[in-house]
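Work through the following exercises with the sequence and the model side by side. Each task is followed by a solution that proceeds in steps.

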Amino acid sequence: LSRSVWHAWGSQLSAALARASVALGDTALLGPAVRDVAVFQPWLLTSGGPDNGRLPTPTERVQIAYGADSRVQDLLAVADATGRESFLDLAGISAAWFFGANRAGIPAYDPATGRTVDGIEADGRVNTNSGAESTIHGLLTMLELDARPQVRAIAEIATITERVGTTVIEAEAGTPAGGATVVTPASAWTGESLWSGSYVAMPDGSTLTLPVQVSRPSLVLPVHELRPDVRARTTYVADATTLGGVNTDTVGPQGDSPAPGALLPTTLRRHIRDGATTLTATTRVFGGGEARLDAVMVEPLVSWYVLGDDGRGSAVLRSSDDRPTTVDIMVPGDGPATVSTYDAERLHHRAPLSVGRAGGRRVRPLGRVDEQARDEAGVDGLDDELHRRRPVAHVLDGHRDGHRLDVGVRALEL
């Protein structure tokens with residue numbers, strides 16, 4: 001196991017935990033499964049969909065039926081175990097991958113033959129072969145959708161109209177100074193995760209200036225190699241505002257891992273403001289060694305994923321903010337809408353919303369939920385970083401012809 005890796009081939013663990021919790025009557029098994037589907041899955045959808053691997057950046061960006069089906073199965077199993085209807089909504093939105101909500105923009109599943117394509121590349125190229133694995137996992141999803149017509153109806157809303165989510169800036173895209181150098185490892189494999197390409201080695205006193213284009217307030221997550229034997233701190237400044245820093249020794253002993261350290265994202269304590277154009281990293285080393293930066297992930301405080309088809313629409317909004325935030329999204333469709341807002345602990349709000357008038361309506365999905373302070377200890381892994389209690393809002397159906405739906409999201413952090 002690696003804290004740096006999420007891989008589609010191992011992503012049915014949540015379904016296993018949910019079913020085991022029911023069979024054994026052990027609710028403790030259900031918690032991690034709920035956190036996975038309630039928090040990680042919306043992040044996966046808004047940041048590009050069911051890539052084969054996040055290791056920890058999206059380095060394996062091919063998408064296959066196994067990965068898409070596994071996320072649907074996870075959501076359905078957790079929905080059955082918890083009775084939470086919102087997870088059925090999210091299962092439908094995730095299953096839309098098979099009907100065209102993918103990078104190619106075409107159906108991956110052919111109902112006339114039962115075939116499912118073997119893969120869709122990051123650039124939209126399609127492997128039109130259909131091996132046994134792809135066929136089986138496509139049909140497994142279809143069997144579930146046939147048994148759950150309400151989920152299938154959501155899945156058939158399958159044209160991506162907007163996606164706003166996490167982006168990646170490679171370290172080698174920056175300008176190194178003060179001894180910082182770009183290093184291309186002989187192998188991208190660290191022993192337990194993947195460099196996303198080259199990395200930048202940063203000795204004491206070195207700097208790296210990265211170009212950024214930030215159109216909305218965002219979290220900044222540098223991906224460093226953390227090692228217990230290297231005491232270094234890299235501080236990040238965006239247009240004269242200090243965002244925070246990363247200590248490279250904030251990781252445990254190597255243990256049985258073949259890698260001496262761990263390639264992990266760390267959330268900086270302050271977010272980067274919209275309009276920022278540069279991000280500068282400065283490293284201090286206390287003793288020998290160097291800091292190693294692989295990439296920087298930039299995650300909007302509110303990200304979203306919007307689908308539409310045949311006068312209907314669906315949307316997922318995910319908040320990482322620690323205060324009330326309002327965003328404007330365009331949800332295709334006509335007629336009434338249903339808004340559901342939840343986090344990893346419970347459903348906070350589910351109600352119909354009439355948006356059949358110009359200008360839409362403002363919604364505060366989490367109502368008067370008390371805010372909790374952001375974890376000041378920082379983040380040291382995908383499990384911590386991506387499995388916080390971040391709220392998610394679903395909007396099913398909306399109003400066509402360019403009317404807006406204003407959705408307010410109140411964040412709730414661990």
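## Exercise 1: Overall surface and confidence

Task: describe the surface, the burial and the confidence of the protein.

Solution. Begin with the accessible surface of the protein, which comes to about 16,500 Å², with 51% of it belonging to carbon and sulfur atoms. Next, turn to burial: of the 414 residues in the protein, 53% are buried. The secondary structure comprises seven helices and 26 strands, and among contacts between residues at least 6 apart in sequence, 75% join residues at least 24 apart. Finally, keep in mind that this is a predicted model, whose pLDDT averages 85, with 85% of the residues scoring at least 70. Two segments call for caution: pLDDT stays under 50 over residues 355-390, for which the model has 128 contacts beyond four places in sequence, and also over residues 397-414, for which there are 110 such contacts.

## Exercise 2: The nonpolar cores

Task: find which elements build the largest nonpolar core, and follow two residues, I93 and A18, to their contacts.

Solution. The largest nonpolar core has 43 residues, and those with the most contacts inside it are V78, F87, I93, F98, F99, L145 and L307. Two or more residues come from each of α1 (13-24), α2 (30-46), α3 (65-82), α4 (85-95), α5 (132-147), α6 (149-155) and β19 (302-309). The largest share, eight residues, is that of α3.

Now take α4, in which ten of the eleven residues are buried; among them are F87, L90 and I93. Once neighbours within four places in sequence are set aside, I93 is in contact with L45, I154, Y305, L307, S314, A315 and V316.

The next step concerns A18, which lies in helix α1. Since its relative accessible area is 0%, A18 is buried. With neighbours within four places again left aside, A18 is in contact with L30, A33, A77, V78 and A81. A18 and L30 are twelve residues apart in sequence, while their C-alpha atoms lie 5.2 Å apart in space.

A second, separate core of 30 residues includes V214, L226, A262 and V285.

## Exercise 3: A nonpolar patch on the surface

Task: which residues make the nonpolar surface patch of about 280 Å², and is L143 buried or exposed?

Solution. The patch is made by I136, L140 and L143. Of these, L143 has its place in helix α5. Its relative accessible area is 56%, and L143 is therefore exposed, the cut-off for that class being over 50%.

## Exercise 4: Salt bridges

Task: establish which parts of the chain are tied together by the R292–E225 and R318–E299 pairs.

Solution. The count of salt bridges comes to 15. In one of them, the side chains of R292 and E225 meet at 3.3 Å, N to O. Because R292 lies in strand β18 (residues 291-300) and E225 in strand β13 (residues 218-226), this pair ties together parts that are 67 residues apart in sequence. R292 is partly exposed at 22% relative accessibility, whereas E225 counts as buried at 11%. Both residues also belong to a network of salt bridges that links E225, R227, D229, E290 and R292.

For the second pair, the closest N and O atoms of R318 and E299 are 2.9 Å apart. R318 lies in strand β20 (residues 312-319) and E299 in strand β18, so the pair ties together parts that are 19 residues apart in sequence. Both R318 and E299 are buried.

Definitions and conventions:
Residues are numbered from 1 along each chain as its sequence is written. This is a predicted model: local features need pLDDT of at least 70, side-chain atom pairs count only at pLDDT 80 or more; totals for chains, interfaces and linings use all residues. Side-chain values use heavy atoms; hydrogens and water are left out. A nonpolar core is a set of buried Ala, Val, Leu, Ile, Met, Phe, Trp, Tyr and Cys residues joined through side-chain atoms within 4.5 Å. Buried means under 20% relative accessible area, exposed over 50%, partly exposed in between (1.4 Å probe, protein chains only). Helices (H or I, at least four residues) and strands (E, at least two) are DSSP runs, numbered from the N terminus. Contact means heavy atoms within 4.5 Å. Patches are made of residues with over 30% relative accessible area and no salt bridge: like charges are joined within 9 Å, nonpolar side chains (Val, Leu, Ile, Met, Phe, Trp, Tyr) within 5 Å. Accessible areas come from the Shrake-Rupley method with a 1.4 Å probe; for residues, only the protein chains shown count as cover. A salt bridge is a side-chain nitrogen of Lys or Arg within 4 Å of a carboxyl oxygen of Asp or Glu. pLDDT is the predictor's confidence in each residue, from 0 to 100.
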